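Colleague: I'd like to learn how to read a model like this one. Could we go through it together, feature by feature?

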Amino acid sequence: MAEALFTDDLKIDPYWWEAAPPRRINDSVPEAADVVVIGGGYAGLSTALELARNGTDVVVLEAEDFGHGASSRNGGGVSGTNVGKGPSAGVTSPVEKALGPERMRQLLVGGTESMNNLENLIERENLDCHYVRCGRFVGAYTPAHFAGMASKVAHLNAAGDNGAALLPREEVRREIATDFYYGGMTVERSGSVHPAMLQMGLLARCQEQGVTLCAHTPMQAISREGDGFLVATATGIIKAREVVVGTNGYTGKGTPWLRRRLIPAASYIIATEERPEDEIKALIPNNRTMADSKRVLNYYRLAPGGRRVLFGGRARLAMGDPRDCANILYNQMLDVFPQLNGIRISHAWTGGIAFSFDYLPHMGRQNGVHYMAGCNGAGVAMMTYLGTQTALKILDKANRPCAFDELPFPSRPFYTGHPWFLPIVSSYYALRDRMDRSRAA
Ligand SMILES: Cc1cc2nc3c(=O)[nH]c(=O)nc-3n(C[C@H](O)[C@H](O)[C@H](O)COP(=O)(O)OP(=O)(O)OC[C@H]3O[C@@H](n4cnc5c(N)ncnc54)[C@H](O)[C@@H]3O)c2cc1C
């Protein structure tokens, strides 16, 4: 294993924050509002924006600065087709098998809509966030994974105009300067975005629309009062007609029902130092977002401008010091791009995601409180979509129910939201990946 190299001024904050740092907007906590939204990421802000554009009086409570959560930390891969995938080898997960092709197709159609929704939102709101519909490449980690991709390609194309295609091993170099994969698939209907600029763009539009934005104001408790709710914070209690929870990987004890249904986990990213554009762009010549078919997957891309590589993965599923995981990611990056040997890491960071037990995203109501949760690591398009859909539901303006609305939302006996098993699970998955790969050699 190579020892990761770092620049002298290594930052353990997201690279994205250089262009769009978190913001502390401290409107005072009002006594009443039509809707209180908890969580200031894509889910919460897209809910608030849609409601405010339709004349609703909305408050967003954010426990930290706006931009603290996953929405300004992610890889910026935009895709609507990761529905139900889960951390499984190959591309047909047990969840997909259990749901069956028709149910999967319906959910994939919902996923496709999530991408339309994001593209429309970026255009309608004129959000400056480097969005490009660049397409995606998924590399097959083993020959068996490549064989499994044929049915995945068929499902994706049956679910909509996703432009999925298989790429045999001898053609992989059209997409990526490596011989690491046993083939792969491309999905044209995917994009990339500067995630923190997207988040800050949504925040700015919310502010323009008069949404009350309260940073450093965690919701402490929600209780019922008459037809509505009381939302308690350290600086006051808000009386609200509706409450929406969009806390995903940061869901706390104030919403125990939701917490029991989510497995909070971490994802990690490193950014390399800048190198000449021609050297970096040659690695991913079509500038797609990239991922692989491992259980402990890697995802990567070029930074906007094409002078650095951003390489991410669930190096550990548990939250930890991003510097420790940087070494794992650095070596995984060199497995794919040995030509980067010697490049230094300038940023290493982490953020919180949430798995659901069925690997599906969920929205719905529990005791009258709306929730949107369970991104399963892919929520740029999906959580924004669930936010918009939740707002339309509150406004009674949805044309038809969202595919993810009120799905059964499983938990497990005795599970309270503390994922003690994550280190064991991630070591097991990593071992299975290594075994599959060594068998393939
Ligand atoms: C490193 C990383 C890489 C990723 N890469 C991708 C990718 O390439 N593509 C993709 O589609 N997805 C990706 N994701 C997932 C994606 O970022 C998330 O699904 C999405 O941002 C979730 O948005 P959200 O609004 O639901 O939650 P978040 O953005 O996490 O926001 C939740 C907010 O709730 C706040 N909060 C929590 N409790 C309270 C409370 N009691 N009161 C008030 N506020 C509270 C938190 O402080 C937080 O700011 C990645 C995630 C990470 C961490």
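Colleague: In which sense do E14 and strand E15 pair, and over how many bridges?

Modeller: First, the ground rules. This is a predicted model, where local features need pLDDT of at least 70 and side-chain atom pairs count only at pLDDT 80 or more, while totals for chains, interfaces and linings use all residues. Residues are numbered from 1 along each chain as its sequence is written. Helices (H or I, at least four residues) and strands (E, at least two) are DSSP runs, numbered from the N terminus. Strands of a sheet pair through backbone hydrogen bonds, either parallel or antiparallel. Two strands count as paired if DSSP finds at least two bridges between them. Here E14 and E15 (residues 298-302) are antiparallel, with 2 bridges. Alanine 291 has tyrosine 299 in E15 as its bridge partner, and the two strands make a hairpin with 5 residues between them.

Colleague: What pairs with E14 in the parallel sense?

Modeller: That's strand E5 (residues 136-139), joined to E14 over 4 bridges. You can spot glycine 139 opposite aspartate 292 of E14.

Colleague: And which strand do 5 bridges join to E15?

Modeller: Strand E16 (residues 309-313), and that pair runs antiparallel. Look for tyrosine 300 facing phenylalanine 311 in E16.

Colleague: What order do the strands of the open sheet have?

Modeller: Trace E1-E17-E13-E16-E15-E14-E5-E7-E6: 9 strands with mixed pairing. Strand E1 (6-11) and strand E6 (164-167) are at the edges with a single partner strand each, so one side of each has no neighbour in the sheet. From one strand to the next, the twist averages 25° (axes are lines fitted to C-alpha atoms, for helices over the stretch in contact, with angles from 0 to 180 degrees between N-to-C directions).

Colleague: Are the faces of strand E14 covered or uncovered?

Modeller: Count neighbours: a residue is buried if 20 or more other C-beta atoms lie within 10 Å of its own, exposed if 12 or fewer, and partly exposed in between, with C-beta atoms placed from the backbone. In E14 (residues 289-292), both faces are covered: Thr289 and Ala291 are buried on one side, Met290 and Asp292 on the other.

Colleague: Why does serine 293 count as buried?

Modeller: Because it has 28 C-beta neighbours inside 10 Å. Serine 293 sits in the loop between E14 and E15. Its C-alpha is 5.7 Å from that of tyrosine 141, 152 residues apart along the chain.

Colleague: Where does asparagine 367 lie, and what is its phi?

Modeller: Asparagine 367 is in the loop between strand E18 (362-366) and strand E19 (369-373). Its phi is positive, about 50°, although it is not a glycine. With 11 other C-beta atoms within 10 Å, asparagine 367 is exposed.

Colleague: Helices next! Where is the kink in H3 centred?

Modeller: On alanine 150, with a kink of about 30°. The bend at a residue is the angle between axes fitted to the seven residues ending there and the seven starting there. Helix H3 (residues 143-159) has 17 residues and spans 25 Å from first C-alpha to last, close to the 24 Å expected (1.5 Å times one less than its number of residues).

Colleague: Which residues of H3 are buried?

Modeller: An α-helix has 3.6 residues a turn, so residues three or four places apart point the same way. The buried ones in H3 are His145, Phe146, Met149, Lys152, Val153, Leu156 and Ala159.
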